[in-house]
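I opened a fresh notebook page for this one and wrote down what I looked up as I went. Come along and check each entry against the picture.

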Amino acid sequence: MPTTPATTANSSSNGTTEEILLELVDESGNTIGTAEKLSAHQAPGRLHRAFSVFLFDPSGKLLLQRRALGKYHSPGVWSNTCCGHPYPGESPFAAAARRTHEELGISPSLLAEAGTVRYNHPDPESGLVEQEYNHLFVGLVQAPVKPDPEEVYETAFVSPQELTALRDRATFSAWFMTVMDAARPAVRELTGPAAGW
């Protein structure tokens, strides 16, 4: 399982601390307002729009990222390729493509919708809560990964067996298995039966 550490040469931080707004949604995913990002995640959490991306290499291995150690939410844990929140009025598809490029320096060669999932996951370490209406995307990556070290500590491409082994010895995000299980039908369709997902 080769891993790629992030290096400071790829940093894209501009040093600003602008307020980030998220779209609040109802149980059907309809926009009902906005909230500042941190406040939306403070207990008990406010239901908001999010996205999760699962990218695979040509052999069907999943690209994972280990979140940067300096992140305020779930630092240092492994998770899916990319996840985040659309800006108010931004489509989830556009946000998924944007953040994948910002965090990992890559543009998927294919990116397809894979459904939605709603969940409520408290993070025991930080006390923050993920109350999310999450749009799922699967796709292919064929370019070298160039992670932004302020976002990503390291990356790895894993087979299903390697993922199981990694989960036995490393900590994953609270939401990882929920979004992985919800995306699995689309993952299988994308990667084919030989990949084993």
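**Entry 1: the end of a helix.** I began just past H4, where Gly192 follows the helix with a positive phi, near 85°. I also noted that the model I am looking at is a predicted one.

**Entry 2: the shape of H4.** Next I looked at H4 itself. It has 16 residues, yet its end C-alpha atoms are only 19 Å apart, while a straight helix at 1.5 Å a residue would reach 22 Å. Where does H4 bend? I found a bend of about 55° at Arg184, with a proline, Pro185, following within four residues.

**Entry 3: what H4 buries.** I then listed the buried residues of H4: Phe176, Val179, Met180, Ala183, Arg184, Ala186, Val187 and Thr191. Arg184, the residue at the bend, is thus on the buried list too. These buried residues pack against S4, S5, S6, S8, S9 and H3.

**Entry 4: the cores.** I asked which residues have the most contacts inside the largest nonpolar core. They are Phe54, Leu62, Leu64 and Trp197, in a core of 25 residues. The elements that give two or more residues to this core are S4, S5, S8, S9, S10, H3 and H4. H4 gives the most, with six residues. I also came across a second, separate core of 14 residues, which includes Val53, Leu55, Leu104 and Val141.

**Entry 5: around Trp197.** Trp197 deserved its own entry. At 5% relative accessibility, Trp197 counts as buried. Leaving aside neighbours within four places in sequence, I found Trp197 in contact with several residues, among them Phe56, Gly60, Leu62, Val158 and Pro160. Its contacts also include Met180, Arg184, Val187 and Thr191, and I recognised these four from the list of buried residues of H4.

**Entry 6: aromatic pairs.** I searched the whole structure for aromatic pairs and got three. In one of them, Phe56 and Trp197 meet edge-to-face, 5.7 Å centre to centre and with 70° between the planes. Phe56 lies in strand S4 (residues 48-56) and Trp197 in the segment after H4, so this pair ties together parts that are 141 residues apart in sequence. Phe56 is buried, with a relative accessible area of 0%.

Another pair, Phe93 and Phe137, is also edge-to-face, at 5.9 Å centre to centre and 75° between the planes. This pair links helix H2 (residues 92-104), home of Phe93, with strand S9 (residues 129-140), home of Phe137, and the two residues are 44 residues apart. Is each partner buried or partly exposed? I noted Phe93 as partly exposed, with a relative accessible area of 38%, and Phe137 as buried, at 2% relative accessibility.

**Entry 7: the two sides of H3.** I turned to H3 and found that its buried residues are Pro160, Leu163 and Leu166. Seen down the helix axis, they fall within an arc of 120°, so they line one face of H3. The face turned away from that buried side carries the exposed residues Gln161, Asp168 and Arg169. I looked for what covers the buried residues of H3, and the answer includes S5, strand S6 (78-79), S10 and H4.

**Entry 8: two loops.** I found Ser173 in the loop between H3 and H4. Ser173 is buried, with a relative accessible area of 6%. Not counting residues up to four places away in sequence, Ser173 touches Val77, Trp78 and Ser79. I also checked a span here: the C-alpha atoms of Ser173 and Thr191, 18 residues apart along the chain, are separated by 23 Å.

In the loop between S8 and S9 I found Glu125, which is exposed, with a relative accessible area of 74%. Its C-alpha atom and that of Gly105, 20 residues away along the chain, are separated by 29 Å.

**Entry 9: backbone notes.** Most residues other than glycine have a negative phi, and most peptide bonds are trans. With that in mind, I noted Ser74, which has a positive phi of about 55° although it is not a glycine. Ser74 is found in the loop between S5 and S6 and is buried, with a relative accessible area of 5%. I also noted that the peptide bond from Ala43 to Pro44 is cis, with omega near 5°. Pro44 is in the loop between helix H1 (37-41) and S4.

Technical notes. Residues are numbered from 1 along each chain as its sequence is written. This is a predicted model: local features need pLDDT of at least 70, side-chain atom pairs count only at pLDDT 80 or more; totals for chains, interfaces and linings use all residues. Side-chain values use heavy atoms; hydrogens and water are left out. Rings of Phe, Tyr and Trp (its six-membered ring) pair if their centres lie within 6.5 Å; planes under 30 degrees apart count as stacked, over 60 as edge-to-face and the rest as tilted. Buried means under 20% relative accessible area, exposed over 50%, partly exposed in between (1.4 Å probe, protein chains only). A nonpolar core is a set of buried Ala, Val, Leu, Ile, Met, Phe, Trp, Tyr and Cys residues joined through side-chain atoms within 4.5 Å. Contact means heavy atoms within 4.5 Å. The arc is that of the directions from the helix axis to the C-beta atoms. The expected span of a helix is 1.5 Å times one less than its number of residues. The bend at a residue is the angle between axes fitted to the seven residues ending there and the seven starting there.
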